[in-house]
Number of protein chains: 2
Amino acid sequence: MPRWKPDAAERLETAALELFGEQGFERTTIAEIAARAGLTQRTFFNHFADKREVLFRMGADLQRAIVTEIGAGSDDLPALDAVVRAMGVVADEMLEVRRDTAKRRYSVIAANQELLERELGKNAALTEAIADALHSRGCDPESAFITAAAAMLAQQTALRTWTRPGETRTLRDLLQQAVRALRTTVGTS
Amino acid sequence: MPRWKPDAAERLETAALELFGEQGFERTTIAEIAARAGLTQRTFFNHFADKREVLFRMGADLQRAIVTEIGAGSDDLPALDAVVRAMGVVADEMLEVRRDTAKRRYSVIAANQELLERELGKNAALTEAIADALHSRGCDPESAFITAAAAMLAQQTALRTWTRPGETRTLRDLLQQAVRALRTTVGTS
């Protein structure tokens, strides 16, 4: 019986990203991922339903953290600022230490249409969850959706820059910059 | 030998949407679609690679039309207005007559995660194509991407409303309304 491995999910993620980068997502087996991580396939299946899910392990935690942080923020902030503030807090707490992992993850996803579509589906679900959180704060449903989608647009823009080779600014700073760029773009009338 | 059927793709689309609505996307076969349309399976495969593609038949034409229309517009318009103008022209020319088809299409897609992800992937490709068209007009790549994504956000918001039961406003009008809502959301600072 293997002992309980508190860091098993993270070790499996690191091993999977290495292998996906070396030999491609399609050609990598779960047996190889488990072996590279020094764990059993059984441990793999204790953490993930399939090899695709390794790439999306943070999604549910991130969504929960952002929604919680929106609820915890001041009611005085305009809706978009409330979401961007929450995203910034979560970026500092959960993402900044993971920049290298995020870079490797994005290059795997970008190379595979099915993974890309899955990522877009997860983003759409996060948009809906943020819209629901804004609706709970008193936003009407239409404004809540547009605001959530605008915040996600800023976040996606910031993530594109943050994962670029040589980029050193924090995700939180890049998020602020993306919001300013969005205001410039949308403000012209 | 069947005669040439100028409206075969449209007849197959109508038949497919009826069947997807009646019995679900997964349970519908290509043989059933062809039979309902009064055509052969061979004719089906002359037009579509698989049954999923029936749902995306307009995508390439819409993308081409929007990109062309952006290129044809006045250079004086701000980038976002240039894209929204192009989307409005294309909505009038290609989409307004298809509202019932669009409604049925959206309800099929919304019920199937794989189709939803495919739709999001097609939207992401359209965003990139619009960003490229703006870049050709002289936008820097970052502004071009944000502007394209903002325009797509407005279009998605408008499409959600346009396909709602009982809605009678045109897609072009709803697009203008979504841009105003986006300006309100993003303008608050």
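How many residues does the contact take from chain A and from chain B? The points below answer this and then move inside chain A. Keep in mind that this is a predicted model.

1. **The contact between the chains.** The contact takes 27 residues from chain A and 27 residues from chain B. On the chain A side, four helices each supply at least two residues: H6 (79-95), H8 (113-136), H9 (141-162) and H10 (171-187). H9(A) gives the largest share, with 9 residues.

2. **What that side is made of.** Look at the classes of the chain A residues that touch chain B. They divide into 14 nonpolar, 9 polar and 4 charged.

3. **Two packed helices.** Packed helices are described by the angle between their axes and the distance between those axes. Take H8(A) and H9(A). They pack at an angle of about 130 degrees, and their axes are 8 Å apart. Angles over 145 degrees count as roughly antiparallel, and 65 to 115 as roughly perpendicular. The angle of about 130 degrees fits neither range, so H8(A) and H9(A) are oblique to each other. Their crossing is right-handed.

4. **Who makes that contact.** From H8(A), the residues are A:Asn123, A:Leu126, A:Thr127, A:Ile130, A:Ala131, A:Leu134 and A:His135. From H9(A), they include A:Pro141, A:Phe145, A:Thr147 and A:Met152, along with alanines such as A:Ala144 and A:Ala148. By class, the contact of H8(A) with H9(A) has 11 nonpolar and 4 polar residues. It has no charged residues.

5. **Two domains.** The domain assignment splits chain A into domain 1 (8-54) and domain 2 (59-187). How far apart do the C-alpha centres of these domains lie? The answer is 27 Å. The contact takes 5 residues from domain 1 of chain A and 8 residues from domain 2 of chain A. On the domain 1 side, H1(A) gives the most, with 3 residues. The residues of that side divide into 3 nonpolar, 1 polar and 1 charged.

6. **One residue of H1(A).** A:Gln23 lies in helix H1 (residues 8-23) of chain A. Is A:Gln23 buried or exposed? Count the neighbours: 12 other C-beta atoms lie within 10 Å. A residue is exposed if that count is 12 or fewer, so A:Gln23 is exposed. Now compare sequence with space. A:Gln23 and A:Val54 are 31 residues apart in sequence. In space they are 16 Å apart, C-alpha to C-alpha.

How values were computed
Residues numbered from 1 in each chain as written. Chains lettered and ligands numbered in written order. Predicted model: local features only at pLDDT ≥ 70, side-chain atom pairs only at ≥ 80, totals over all residues. Buried ≥ 20, exposed ≤ 12 C-beta atoms within 10 Å, placed from the backbone. Contact = placed C-beta atoms within 7 Å. Nonpolar A, V, L, I, M, F, W, Y, C, P; charged D, E, K, R; others polar. Axes fitted to C-alpha atoms, helices over the stretch in contact; angles between N-to-C directions. Parallel < 35°, antiparallel > 145°, perpendicular 65-115°, else oblique. Left-handed = near helix turned anticlockwise from the far one by under 90°. Domains from an automatic or database assignment.
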